[in-house]
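Here are some notes for a reader who has not met this structure before. Please keep the sequence and the model open while going through the points.

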Amino acid sequence: MYAAKRHPTQHWVRYSPEVADARSDTFAAELAAAAERGQLRVLYQPIVDLLTGDLVAVEALVRWQHPTRGLLGPDAFIPLAERSGDIHGIGAWVLREACRQVGAWQADLPADRSLHLSVNLSPLQLERPELAGSVLEILDATGFDPHGLVVEITESALVDDRSAVPHLEALRARGVRVALDDFGTGYSSLRYLTQLPVDILKLDRCFVAELNGDPARAAVAEAVIRLSQILRMDTVAEGIEDAAQATELTLLGYRTAQGYHFARPQPAAEIERLLHQPTAV
Ligand code: C2E
Ligand code: MG
Ligand code: MG
Ligand code: MG
């Protein structure tokens, strides 16, 4: 099967599946080598206290500085890394780099301030029995206080595969906290929520986007905050894009939030600048 495809130079070239395969093979090989070639980056997105504006935590978000394609977001390569198995190496690299960086920031903070670190884990990382061991090893190697670390996992990863529960319990036993990312978007796990090793619910940004002062549209955001209070969990609201959403969430009882309204994910140097301001954000 051949399909004609217009080449940027205006010549008609033949599209061949072999060429496409070779290209994606190259991309996969480049991804496998990205960490050792120093092409991975970690951006940090501030998580702020809605009442004080203080920067209380950062979420580490991976990027790939590809030599020809530019700066790639996780959606462009995490799914491939999950298929190829590179996700384990990439995940470990992100955790090590973020612990090193945030640990250095923590060491410079005044005694009355703290800064937590949130790192995303792929469902595939959760499947591995060595997960807890490798996380704890990185914490030891970087000297990062486990109480300052939050691992973010998705609802479905836990509900579909309960084998992750003991790995998470092992991390919690050392003080690491577990957040359910994009909460509310998975098919309902309410029934399991009380049995799962979870400390924080991250309200998915689609429920924040719905907020517009109409109480009916705040139903999920309100239900999640009540649920967290009953279950004694913390919450983070994601994807706050304007001041009205921040106000509405505050009135609903949310205390911490993250979103472009406060700050985009940014390089370490920018976070460092924020940390040195009197009121962080
Ligand atoms: P996530 O963990 O839910 O991260 C939040 C995503 O929402 C980030 O996208 C962030 O840039 C974006 N975001 C933050 N505030 C706003 C806002 O106000 N409006 C909108 N529209 N978007 C906002 P990003 O960095 O592209 O990451 C996408 C997803 O990729 C993450 O979703 C996470 O699931 C995954 N990811 C990122 N880094 C890693 C990693 O190191 N390991 C793994 N396994 N997954 C990662
Ligand atoms: Mg996350
Ligand atoms: Mg999220
Ligand atoms: Mg998400």
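Which residue in β4 does Arg41 stand opposite?

1. The partner is Arg63: Arg41 stands opposite this residue of β4. The model is a predicted one, and the pairing should be read with that in mind.

2. The two strands β3 and β4 run antiparallel and are joined by nine bridges. Five residues lie between the strands of this hairpin, and Gly53 there has a positive phi near 80°.

3. Strand β3 spans residues 40-49, and nine of its ten residues are buried. Strand β3 also pairs with strand β11 (residues 256-257), in an antiparallel arrangement with two bridges. In that pairing, Asp49 is found opposite Thr256.

4. Turning to the metal site, the magnesium ion (ligand 2) has four named residues around it: Glu59 (OE), Asn120 (OD1), Glu152 (OE) and Asp181 (OD) coordinate it at 2.0 to 2.2 Å. Along the sequence, these donor residues follow the spacing E-x60-N-x31-E-x28-D. Glu59 belongs to strand β4 (residues 55-66) and Asp181 to strand β8 (residues 177-183), so the pair ties together parts that are 122 residues apart in sequence.

5. Are Glu59 and Asp181 buried or exposed? Glu59 is buried, at 3% relative accessible area. Asp181 counts as buried too, with a relative accessibility of 8%.

6. Asp181 coordinates both the magnesium ion (ligand 2) and the magnesium ion (ligand 3), and the two ions are 3.8 Å apart.

Methods:
Residues are numbered from 1 along each chain as its sequence is written. Chains are lettered from A and ligands numbered from 1 in the order in which they are written. This is a predicted model: local features need pLDDT of at least 70, side-chain atom pairs count only at pLDDT 80 or more; totals for chains, interfaces and linings use all residues. Side-chain values use heavy atoms; hydrogens and water are left out. Donors are N, O and S atoms within 2.8 Å of the metal (3.2 Å for Na, K and Ca); water is not among the atoms, so sites may look incomplete. Helices (H or I, at least four residues) and strands (E, at least two) are DSSP runs, numbered from the N terminus. Buried means under 20% relative accessible area, exposed over 50%, partly exposed in between (1.4 Å probe, protein chains only). Two strands pair if DSSP finds at least two bridges between them.
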